[in-house]
Amino acid sequence: MSTVEIKYISINITPEVGANDWVVAVRVVPAGRDGTTVYGRTLMPGEEDSGVPISYNPSAGEKIEFRPGDLKFTIYDIDRIAEVDSNGYAPVTYTIQTWLKFCAPVDQNLFLFLVAASKRLDTAYFAYSQITSIAKDISGSFPHQCQQIITVLGLSEFLCIALNRAVNMLQQLSGNFSINLQLPNSITGNVQSLREIRNAFEHIEDRALGKVRNKIHPDAFTIFDQKKIFTEGILTYGKHSLTLHTDILQMLLDARQTLLKIAISISGGDTIPFDVNQMNYSKHK
């Protein structure tokens, strides 16, 4: 058998070799040797990756070992699995869900609450990405353009509802779980406009009747005038407005970072040891 090179190790759900069940993979590097024993370790925080693999030759009687404490993984190792797009956002639900499953026991209600908030946020971003993609390239025949416009407007309702729900859950964390949380200004400064636009979209049947909470209101019909979303990238309702590329995108990005900070805080840090019983060597890139 020739020399084996190991660059990554992974935690897997089952011990079945070859199963597509790896949860997180982290970079490992050489950490010295003692005779035929070759030692490895994970990278230290902030350490530059030299790209050198751990090499050993089983046919020469060599084996690979990891000393106690030399195998660790971080929440950032999990988060790297998510693909960051051109806006700087990456889905966060898998990171939150996986990290909280592996770290010290977390209250089940809090676990479910954070995963649900993460899913709402990812859903909101999906709507955002579709809106910005479609709205910048309205083209084709007139009926086709009309359909694209209708799609953007429908997704705008979806975006505001999902984002508002996610923000509401972040606001409720302190009261429900005694978590000391300071939300970013991008969220607190825009939450009222988001709530008002969301309410108008979610209760658009009342707005179509010119009403707000069953009473005639001068702003009711303004929710139907969303020309600015196509000309300036702005959602409006009455005196309230949110810019897609600044206000809403920053809320999405900052809410994501807030969820990561909460997960780190309640788990006591961003690094935990590998469970060697669930470890497999791999060549993940």
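How do the residues of the lining of the largest pocket divide into nonpolar, polar and charged? They come to 10 nonpolar, six polar and 10 charged. Keep that split in mind, and keep in mind too that this is a predicted model. We'll come back to the pocket once the overall layout is clear.

Let's start with the whole chain. The secondary structure of the protein adds up to nine helices and 13 strands. The radius of gyration is 25 Å, well over the 19 Å that the globule rule gives for 285 residues, so the protein is more spread out than a compact globule. If you'd rather think in terms of a box, the C-alpha trace spans about 85 × 50 × 30 Å along its principal axes. As for burial, 44% of the 285 residues count as buried. The accessible surface comes to about 15,200 Å², and carbon and sulfur atoms hold 52% of that area. Now look at the contacts with a sequence separation of 6 or more: 66% of them are between residues 24 or more positions apart.

Back to the largest pocket, then. About 580 Å³ of space lies in it. It is lined by 26 residues, and the closest to its centre are Val26, Arg27, Thr74, Asp77 and Arg80. Four elements give two or more residues to this lining: strand E3 (22-34), strand E4 (37-42), strand E7 (72-74) and helix H1 (75-79). Which of the elements gives the most to the lining? That's E3, with four residues.

Helix H1 is worth another look, since Ile75 lies in it. Is Ile75 buried or exposed? With a relative accessible area of 1%, Ile75 is buried, because anything under 20% counts as such. Its contacts, once neighbours within four places in sequence are set aside, are Thr95, Trp99, Leu260, Ala263, Ile264 and Asp270. There's a long-range pairing here as well: Ile75 and Thr271 are 196 residues apart in sequence, yet their C-alpha atoms are 6.7 Å apart in space.

Helix H3 (residues 108-135) offers a similar kind of story, this time through Ser118. Ser118 has a relative accessible area of 0%, so it counts as buried. Leaving out neighbours within four places in sequence, Ser118 is in contact with Val92, Thr93, Ile96 and Leu259. Its C-alpha atom is separated by 7.7 Å from that of Arg256, a residue 138 positions away along the chain.

On to the second largest pocket. How much space lies in it? The figure is about 180 Å³. The lining is made up of Ile179, Asn180, Leu181, Gln182 and Pro184, together with Asp254, Gln257, Thr258, Lys261, Ile262, Ser265 and Ile266. Sorted by class, that gives five nonpolar, five polar and two charged residues.

Last stop: a loop with some backbone angles you may want to check. Most residues other than glycine have a negative phi. Arg213, though, has a positive phi of about 55 degrees and is not a glycine. Where is Arg213 found? It sits in the loop between strand E8 (211-212) and strand E9 (215-216). Asn214 belongs to the loop between E8 and E9 too, and its phi is also positive, near 70 degrees, in a residue other than glycine. Are these two residues buried or exposed? The cut-off for exposed is over 50% relative accessible area. Arg213 has a relative accessible area of 62%, so it is exposed. Asn214, at 61% relative accessibility, counts as exposed as well.

How values were computed:
Residues are numbered from 1 along each chain as its sequence is written. This is a predicted model: local features need pLDDT of at least 70, side-chain atom pairs count only at pLDDT 80 or more; totals for chains, interfaces and linings use all residues. Side-chain values use heavy atoms; hydrogens and water are left out. On a 1 Å grid over the protein atoms alone, a cavity is a set of points where a 1.4 Å probe fits but cannot get out, and a pocket is an open set with protein on both sides within 12 Å along at least five of seven lines; lining residues have an atom within 4 Å of a point. Grid points are joined across faces, edges and corners, and a volume is the space filled by probe spheres set on the points. Ala, Val, Leu, Ile, Met, Phe, Trp, Tyr, Cys and Pro count as nonpolar, Asp, Glu, Lys and Arg as charged, and the others, Gly among them, as polar. The radius of gyration is taken over C-alpha atoms; the globule rule is 2.2 Å times the number of residues to the power 0.38. Buried means under 20% relative accessible area, exposed over 50%, partly exposed in between (1.4 Å probe, protein chains only). Contact means heavy atoms within 4.5 Å. Accessible areas come from the Shrake-Rupley method with a 1.4 Å probe; for residues, only the protein chains shown count as cover.
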